[in-house]
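Biologist: Could you walk me through the ring contacts, the cysteines and one of the helices in this entry?

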Amino acid sequence: MPSPQPNESGAGPWQATDPAAPAPVRAREDIDPRGRSRDRSWPPQPPPLPSPVIDNHCHLDFADGDQQLTVGDHIERAAAVGVEALITIGSDLEATRWTAELLASPNCPPQLRGGVAVHPNEAALHARGSGHDGTEMIGLDAAIAEVSELLRGPGMIVVGETGLDWFRTSRRDEQARAAQIDSFRAHIALAKELELPLQIHDREAHRDILEVLDADGAPERTVLHCFSGDAEFARACVDRGFHLSFAGNVTFKNAENLRGALAEVGLGQVMVETDAPFLTPVPYRGRPNSSYLIPVTMQTIAEVTGTTLERACRAVRETTRRVYGWPGEARG
């Protein structure tokens with residue numbers, strides 16, 4: 001099971017003044033989906049977890065907040081509350097290149113690994129040859145070829161996020177639908193070739209996700225990132241051996257379907273993530289998100305599954321360690 005080591009020097013996390021630390025390449029929008037200005041203040045630090053966990057999906061290429069945090073800041077804040085490691089995901093070509101540069105740096109924090117892919121909505125744009133603003137884009141095959149090369153670099157431990165999205169890209173758009181499916185299948189093949197886990201983005205595409213995975217054969221380690229289905233879909237996934245990763249939206253008041261899914265399958269194949277800077281858990285919904293807020297989500301996971309917070313943390317961490325082959329055995 002590959003487990004690249006981007007930093008064998010033992011160097012600590014980057015400091016804000018370290019010129020080697022790459023700046024984020026984009027920023028989260030200041031206006032929420034309802035057209036209102038967002039509260040950009042950072043939420044307070046929650047109490048530390050009783051046992052460490054891993055954020056298996058965040059986007060450190062995004063900046064957010066009234067105070068911009070460096071990669072080192074995110075890692076240090078996370079460590080202070082028991083989030084011992086982070087997996088950062090690059091999901092368009094600019095972000096994939098940034099992620100590869102970050103992981104290849106000799107000063108890359110040892111608490112960090114990553115993954116890259118062509119996001120399904122990006123796949124549709126590559127097939128069209130232009131972005132939303134009309135900017136020319138390379139073809140989909142060329143984009144996937146670049147991702148394939150980057151995945152062979154240091155610190156890459158997952159292929160993702162790939163999958164299908166019928167929310168932002170219409171399923172009725174024949175070219176876009178075909179591009180997403182072709183891209184998804186190519187990433188499935190890459191995960192198998194490189195013997196890496198696969199992280200899946202699934203938005204309003206549950207049935208089609210399963211059809212593609214059933215037809216092509218899912219990689220041995222398959223993760224439904226930011227799980228968005230109901231109990232029936234959750235059961236269909238875990239029965240196939242897939243893993244479900246829950247983000248801060250499991251805490252939302254209108255997320256009864258997610259909590260029902262979690263209650264249905266229990267902790268056996270469950271992990272936790274932030275999808276930061278998005279999906280900040282209640283009561284801080286809409287504000288900037290970072291890995292240090294995972295304890296809020298873990299509390300909901302423990303409550304829904306009817307276990308103690310410590311047992312939930314230990315179970316989630318062990319599953320994450322097993323899926324990604326990193327970090328090592330639990331301490332203590």
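**Rings, cysteines and a helix**

Modeller: This is a predicted model, and in it the charged end of R285 sits over the ring of F252, at 3.7 Å from the ring centre. R203 likewise lies over the face of F167, 3.6 Å from the centre of that ring.

Biologist: And how many aromatic pairs are there?

Modeller: The structure holds four aromatic pairs. One of them joins W42 and Y292, and because the ring centres are 6.4 Å apart with the planes at 45°, that pair is tilted. The two residues are 250 residues apart, with W42 in the loop between β1 and β2 and Y292 in the loop between β10 and α9.

Biologist: Are W42 and Y292 buried or exposed?

Modeller: Both W42 and Y292 are buried. F62 and F278 form an edge-to-face pair, with 5.2 Å between centres and 80° between planes, and this pair links strand β3, which holds F62, to the loop between β10 and α9, which holds F278. F278 counts as partly exposed, at 26% relative accessibility.

Biologist: Switching to cysteines, why is C108 in no bond with C58?

Modeller: The sulfur of C108 is 12 Å from that of C58, the closest cysteine sulfur, which is too far for a bond, because a disulfide needs the sulfur atoms within 2.5 Å. C58 is buried at a relative accessible area of 1%, and C108 is buried at 0%.

Biologist: What caps the N-terminal end of α2?

Modeller: D92 does, through a side-chain oxygen that lies 3.2 Å from the backbone nitrogen of E94. Helix α2 covers residues 93-104 and reaches 16 Å from its first C-alpha to its last, close to the 16 Å expected, and its buried residues include L93, W98 and L102.

Conventions. Residues are numbered from 1 along each chain as its sequence is written. This is a predicted model: local features need pLDDT of at least 70, side-chain atom pairs count only at pLDDT 80 or more; totals for chains, interfaces and linings use all residues. Side-chain values use heavy atoms; hydrogens and water are left out. Helices (H or I, at least four residues) and strands (E, at least two) are DSSP runs, numbered from the N terminus. The expected span of a helix is 1.5 Å times one less than its number of residues. Buried means under 20% relative accessible area, exposed over 50%, partly exposed in between (1.4 Å probe, protein chains only). A polar contact is a pair of N or O atoms within 3.5 Å; within protein, one must be able to donate a hydrogen and the other to accept it, and residues adjacent in sequence count only if both atoms are side-chain atoms. Rings of Phe, Tyr and Trp (its six-membered ring) pair if their centres lie within 6.5 Å; planes under 30 degrees apart count as stacked, over 60 as edge-to-face and the rest as tilted. A charge sits over a ring if NZ of Lys or CZ of Arg is within 6 Å of the ring centre and within 35 degrees of the ring normal.
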